[in-house]
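Ready for a few exercises at the bench-side screen? Keep the viewer open and try each task before reading its solution.

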Amino acid sequence: MRLTREEESILAGESGDGRRKAMELIVALGRIYGAERLVPISSAHLSGASYKTIGDGGLKYLSDLAASGSKVSVPSTLNPVGMDRDRWREMRISEGFAEKQLEIIDLYGRMGVRTTCSCTPYLGANVPRFGDHVAWAESSALSFVNSFIGARTNREGGPGALAAAIVGRTASYGLHLDENRRPTVVVEAETDGTAFGYSMLGQAVGSAIGGGVPYFKGISPGADDAKTLCAAMAASGSVALYHVEGVTPEAARFSEGLDGLESIHIGERELEEARGRLNTADDVQLIALGCPHLSAKEVRDIAAFLKGKKKARRDVEVWFCTSSEVRDACREEVRVLEAFGPVLADTCMVVAPIEGSFQRTGTNSAKAGNYLPTLCSQKTVCRDISGLMEIVT
Ligand code: F3S
């Protein structure tokens, strides 16, 4: 791999131990994946922020890194953590967990990371431009910026994204290169056009193809639809980039030359099967909306839907998960939602330690439907928002 003089000097430790270690990791990844060079990045988005998922080992790693004076050198945002940093008592979080979680947030902040704690930074806090090279972790978010914005990132893990943020570069391989952004399969898709429909479509496609770069025909997702489609395909498969004919910014480049590709059709039967796999319970103790985090439009839509309704079941908790920016921007709508349950920022139903309090959770998200059983020991009910809210009204 060819390194510039500046990159060689970082690798030699001339700008500190923290930057040297970060560069070693980036170079090692580049060698494994056959990169010829590094590429400057314009931003990073970091995962590995919940104490539930990184534990004491991760906390120690971050402590050592912060103690070495390491700082990010590009705008960097942070994924959800294990609790709302202000309202964690309402989530039944223990004092011990809260103390460690707040320490993790503080360590990221000391390294210069914007502690936004949301998985939808592309809606405001961190918006790449078309063609930007970036290093993003969080499978739903990186798929959104690859596909819907046309930025370029691989499916980074937490440590790789943090190392890239520190040195301001990543190894140039995978989805940073033109040739790997070509479609690998054509998907003729049907959906009812709702965000829930797009989530089930993502579930069906991810299950059918696993990985690769799907090229969709026959759909027209808006931003909220795309975010749920991204999340679902990244969870049921490992899709990090897709194109939609007439919608996503790179699709036109590939509209010729699709003829030789495998083609699949996703219709009513496949969508029903996808939904069936995500329903493993008959009733719930918790209904959690906002995977990925609710946008301002979604908060407004839910408020309009709930206005005038009453929560009838006290035995079922309802959580709405969003970013602090959206919560602050939608105060009136948030009041409507709060009649049903807390509007939580910084966290979500998957990275919070809900397994200590609940065993059956309702979700409208295929991504949560995939992860709640494996990461939170939950049985799930997966329905659209009105179907879920029927349970409690
Ligand atoms: Fe976001 Fe948590 Fe879902 S990080 S995409 S709300 S699992």
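The exercises below concern a predicted model, and each comes with a worked solution.

**Exercise 1. Find the domains and describe where domain 1 meets domain 2.**

Step 1. Start by colouring the chain by domain: domain 1 covers 5-178, domain 2 covers 182-276 and domain 3 covers 278-389.

Step 2. Next, take the centres of domain 1 and domain 2 over their C-alpha atoms; they are 27 Å apart. The contact between these two takes 18 residues from domain 1 and 20 residues from domain 2.

Step 3. Now turn to area. About 1,500 Å² is buried between domain 1 and domain 2, and carbon and sulfur atoms give 65% of that. On the domain 1 side, the residues that lose the most area to domain 2 are Ser 147, Phe 148 and Arg 155, together 36% of what that side buries.

**Exercise 2. Work out which polar and charged pairings occur between domain 1 and domain 2.**

Step 1. Count the salt bridges between domain 1 and domain 2: there are 2.

Step 2. Look at the side chains of Arg 152 and Glu 250, which meet in a salt bridge at 3.9 Å, N to O. The cut-off for such a pair is 4 Å, so this one qualifies.

Step 3. Add the polar contacts, for which 3 residue pairs are found across the interface of domain 1 and domain 2. The side of domain 1 that touches domain 2 is made up of 8 nonpolar, 7 polar and 3 charged residues.

**Exercise 3. Explain why the pairing of Glu 6 with Arg 169 ties together parts apart in sequence.**

Step 1. For context, the structure holds 28 salt bridges. In the one between Glu 6 and Arg 169, the closest N and O atoms are 3.0 Å apart.

Step 2. Place the partners: Glu 6 lies in helix 1 (residues 5-11) and Arg 169 in strand 5 (residues 169-171), so the pair joins parts that are 163 residues apart in sequence.

**Exercise 4. List the residues around the ligand and inspect two of them for backbone features.**

Step 1. Select the residues around the ligand: Pro 80, Cys 119, Glu 138, Ser 140, Gly 290, Cys 291, Pro 292, Cys 348, Val 350 and Lys 367. By type, this shell divides into 6 nonpolar, 2 polar and 2 charged residues.

Step 2. Sort the shell by origin. Domain 1 and domain 3 each supply at least three residues, and the largest share, 3 residues, comes from strand 10 (residues 286-294).

Step 3. Check Pro 292, which lies in strand 10. The peptide bond leading to Pro 292 from Cys 291 is cis, with omega near -5 degrees.

Step 4. Finish with Glu 138, in the loop between strand 4 (135-136) and helix 5 (139-149). Glu 138 has a positive phi of about 80 degrees, although it is not a glycine.

Key: Residues are numbered from 1 along each chain as its sequence is written. This is a predicted model: local features need pLDDT of at least 70, side-chain atom pairs count only at pLDDT 80 or more; totals for chains, interfaces and linings use all residues. Side-chain values use heavy atoms; hydrogens and water are left out. Domain bounds come from an automatic or database domain assignment. Contact means heavy atoms within 4.5 Å. Buried area is the accessible area (1.4 Å probe) that two parts lose on being put together, summed over both. A polar contact is a pair of N or O atoms within 3.5 Å; within protein, one must be able to donate a hydrogen and the other to accept it, and residues adjacent in sequence count only if both atoms are side-chain atoms. Ala, Val, Leu, Ile, Met, Phe, Trp, Tyr, Cys and Pro count as nonpolar, Asp, Glu, Lys and Arg as charged, and the others, Gly among them, as polar. A residue is near a molecule or strand if one of its heavy atoms lies within 4 Å of it. Helices (H or I, at least four residues) and strands (E, at least two) are DSSP runs, numbered from the N terminus.
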